[in-house]
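Please look over the sequence and the structure shown below before reading the report.

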Amino acid sequence: MNNYIYVTKPNLPELKDVIPYLEKIWENRILTNNGPFHNQFEQELAKYLGVEHVNLFANATLALIVGLQALRITGEVITTPFSFVATTHALKWNGITPVFCDIEEKTLNIDPEKIEALITPKTTAILPVHVYGHPCDTEKIQDIADKYGLKVIYDAAHAFGIKMKDKNLLLEGDMSVLSFHGTKLFTTFEGGAIICKDEKLKKRIDYLKNFGFADELTVIAPGINAKMNEFQSVIGLLSLEIVEEEIKNRKKVAETYFELLDGVKGIRVFNNFEDYAYNYSYFPILIDEKEFGVSREKVYDELKKNNIFARRYFYPLISNMPSYRSLPSAAKENLPVANRIAEQVLCLPTYGALEADMIYKICSLIIGIQN
Ligand code: T4K
């Protein structure tokens, strides 16, 4: 074991609780392809999330790729450049042209005011991301989608367990995609899910994630293999029992950070959760070099020297990556907010087991760097 402090630490069920489930898998020898634990997890997850339809996946990237196929999205899709690369890659893997839209200052999500200007006759959908679990302005986005007949697919990889006052965030748009990767608040090692509202669509997704098989002999489409297996499903089932506690513990971590960093000149924290209960999945801060006196890079390096591995999520911006930077919509002058935020953002370590002493250390290293 090293003393490194990473941006996250997976919250796992106790090993002794996993063993009886493994024994059961060994006994019944069903490892994947809609096994009993897969089906049980699908049902229990739907109940937990307050939704009717859940399709489990091997990971969220495949879920995004399959989700776009299931909705028959083609042409151009308007999306945010301020996300993990998988969001845009999923479009590329479907032969769709990503059209980057700038983000809004308040949430760091796609700016609904800037979407309409990017719509062309080829636009078929909008792919926003609830970055760090901060909800998008789903009403404004839906209004635009309705006006132009567009589909909306939310990349909700960070949004597990967000509770809105007046609606279920995961039921906004045509579908939402969750990630259960090892770095996520709720993890199945690797994993993901699609939430949709329509039984027919749920069925189509099930076929597509299983090579297109509708039954033993009928292949209805060139599907892929994107199924979640029995081991992942068992971890998911057990993790449902521990996720609320983890959110509570992360809330305490965030509150300590807020206490120490809110109000420091040149540092912005995100602590305005008026309309929803946050999941505390990430702890992003923005460092304004002019006001703070020191760059984000220097802060990142200083923490690293002390074995604290904060992460620059999401830098570089997707629109500046070699695969995408030649797209007309990737021009820096079209994306001023996203380009600035990508230079300023730093995600500090956050997980339930992070001790207060370490949070004090991290904050005093950040603040102390000014001297
Ligand atoms: N959409 C969005 C908006 C996303 O953020 C993501 C994934 C996706 C879609 C796609 O979801 P998946 O297909 O992955 O389900 C990580 C994750 O690999 C990625 O899942 C995640 N977003 C992204 C934000 O972060 P890296 O390159 O930062 O991972 P890595 O391995 O450097 O891990 C970060 C730190 O976490 C490590 O320094 C140590 C700690 N860690 C990591 C792993 C894997 C652990 O403690 N245990 C572990 O098992 O991308």
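The report takes the sheet and then the helices.

## Basis

This is a predicted model, in which local features need pLDDT of at least 70 and side-chain atom pairs count only at pLDDT 80 or more, while totals for chains, interfaces and linings use all residues. Residues are numbered from 1 along each chain as its sequence is written, and side-chain values use heavy atoms, with hydrogens and water left out.

## The sheet

Seven strands (DSSP E runs of at least two residues, numbered from the N terminus) form an open sheet in the order 2-9-8-6-5-3-4, with mixed pairing, where two strands pair if DSSP finds at least two bridges between them. Strand 2 (53-57) and strand 4 (97-100) are the edge strands, each pairing on one side only. From one strand to the next the twist averages 25 degrees.

Strand 3 (residues 76-79) and strand 5 (residues 123-127) run parallel and are joined by four bridges; T123 in strand 5 is the bridge partner of E76.

## Helices on the sheet

Helix 2 (residues 36-49; helices are DSSP H or I runs of at least four residues) packs on the sheet and touches strand 2, strand 8 (175-179) and strand 9 (192-196), contact meaning heavy atoms within 4.5 Å. The direction of helix 2 makes about 130 degrees with that of strand 2, angles running from 0 to 180 degrees between N-to-C directions and axes being lines fitted to C-alpha atoms, for helices over the stretch in contact. Helix 6 (residues 199-208) also touches strand 2, strand 8 and strand 9, and its direction makes about 15 degrees with that of strand 2.

## Helix 1 and helix 7

Helix 1 (residues 15-28) and helix 7 (residues 230-240) pack at an angle of about 145 degrees, with axes 10 Å apart. Among the residues that meet are Y21 and L22 in helix 1 and F231 and V234 in helix 7.
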